[in-house]
Amino acid sequence: MWILSSLLAGLKPSIKTHVKYINHVKTIAEQKQQRDDNACPRCGLPMVLRTARSGTHQGNQFWGCSGFPKCRTVRSA
């Protein structure tokens, strides 16, 4: 066991590994921010881009709550 611990103690993260980690964290933060910006104001679930199938707005896109049918919140695209 002491061999493994001495090997791990001697290893230092490289700059390349550090840069990859920083980029990964930034990506996660951007995705979280995007989700928060695109959250339903009523229930907090993410909004999804949908296309109207019928009616006067047929073919137009809109943002609808992913919690449909419990939550019927919509926003124009």
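Is Thr73 buried or exposed in this model? Thr73 counts as buried, because its relative accessibility is 11% and the cut-off for buried is under 20%. Keep in mind that you are looking at a predicted model. Here are my notes, point by point.

1. **The overall layout.** Start with the big picture before picking out residues. The protein chain has two helices and three strands. If you walk along the sequence, the pattern reads α-α-β-β-β, so to speak a helix part followed by a strand part.

2. **Inside and outside.** The protein chain has 77 residues, and buried ones make up 12% of them. As for the surface, the chain exposes about 6900 Å², with carbon and sulfur atoms supplying 59% of that area. Now for contacts: take those in the chain with a separation of 6 or more, and 22% of them are between residues 24 or more positions apart.

3. **The sheet.** The three strands form an open sheet in the order β1-β2-β3, and the pairing is antiparallel. Its edge strands are β1 (47–51) and β3, each of which pairs on one side only. On average, neighbouring strands of this sheet are turned by 35° against each other, direction ignored.

4. **How the strands are joined.** Between β1 and β2, which run antiparallel, there are five bridges. Between β2 and β3, also an antiparallel pair, there are three bridges. You can pick out one facing pair for each: Thr51 stands opposite Gln61 in β2, and Phe62 stands opposite Ser76 in β3.

5. **A closer look at Gln61.** Gln61 lies in strand β2. How far apart are Gln61 and Thr51 in space, C-alpha to C-alpha? The distance is 4.3 Å, while in sequence they are ten residues apart. Leaving aside neighbours within four places in sequence, Gln61 is in contact with Leu49, Arg50, Thr51 and Ala77. Gln61 counts as partly exposed because its relative accessible area is 46%, which sits between the 20% and 50% cut-offs.

6. **Back to Thr73.** Our opening residue lies in the loop between β2 and β3. Which residues does Thr73 touch, once you leave aside its neighbours within four places in sequence? The list is Cys40, Pro41, Arg42, Met47, Trp63, Gly64 and Cys65. Try finding each of these in the viewer.

7. **Thr73 and Pro41.** One residue on that list deserves its own point. Pro41 is found in the loop between α2 and β1, whereas Thr73 is in the loop between β2 and β3. The two are 32 residues apart along the chain, yet their C-alpha atoms are separated by 8.1 Å. Pro41 counts as exposed because its relative accessibility is 66%, and the cut-off for exposed is over 50%. That makes a neat pair to look at: Thr73 is buried, but Pro41 is exposed.

8. **Two more residues in the β2–β3 loop.** Gly67 lies in the loop between β2 (61–65) and β3 (74–76). Gly67 counts as buried because its relative accessibility is 14%, and buried means under 20%. Gly67 and Val48 are 19 residues apart in sequence and 9.7 Å apart in space, C-alpha to C-alpha. Pro69 has its place in the loop between β2 and β3 too. Check the peptide bond from Phe68 to Pro69 while you are there: it is cis, with omega near 10°.

9. **A nonpolar patch on the surface.** Which residues make the nonpolar surface patch of about 270 Å²? They are Tyr21, Ile22 and Val25. Tyr21 lies in helix α2 (residues 15–37). Tyr21 is exposed because its relative accessible area is 53%, and the line is drawn at over 50%.

Methods: Residues are numbered from 1 along each chain as its sequence is written. This is a predicted model: local features need pLDDT of at least 70, side-chain atom pairs count only at pLDDT 80 or more; totals for chains, interfaces and linings use all residues. Side-chain values use heavy atoms; hydrogens and water are left out. Helices (H or I, at least four residues) and strands (E, at least two) are DSSP runs, numbered from the N terminus. Buried means under 20% relative accessible area, exposed over 50%, partly exposed in between (1.4 Å probe, protein chains only). Contact means heavy atoms within 4.5 Å. Accessible areas come from the Shrake-Rupley method with a 1.4 Å probe; for residues, only the protein chains shown count as cover. Two strands pair if DSSP finds at least two bridges between them. Axes are lines fitted to C-alpha atoms, for helices over the stretch in contact, and angles run from 0 to 180 degrees between N-to-C directions. Patches are made of residues with over 30% relative accessible area and no salt bridge: like charges are joined within 9 Å, nonpolar side chains (Val, Leu, Ile, Met, Phe, Trp, Tyr) within 5 Å. A salt bridge is a side-chain nitrogen of Lys or Arg within 4 Å of a carboxyl oxygen of Asp or Glu.
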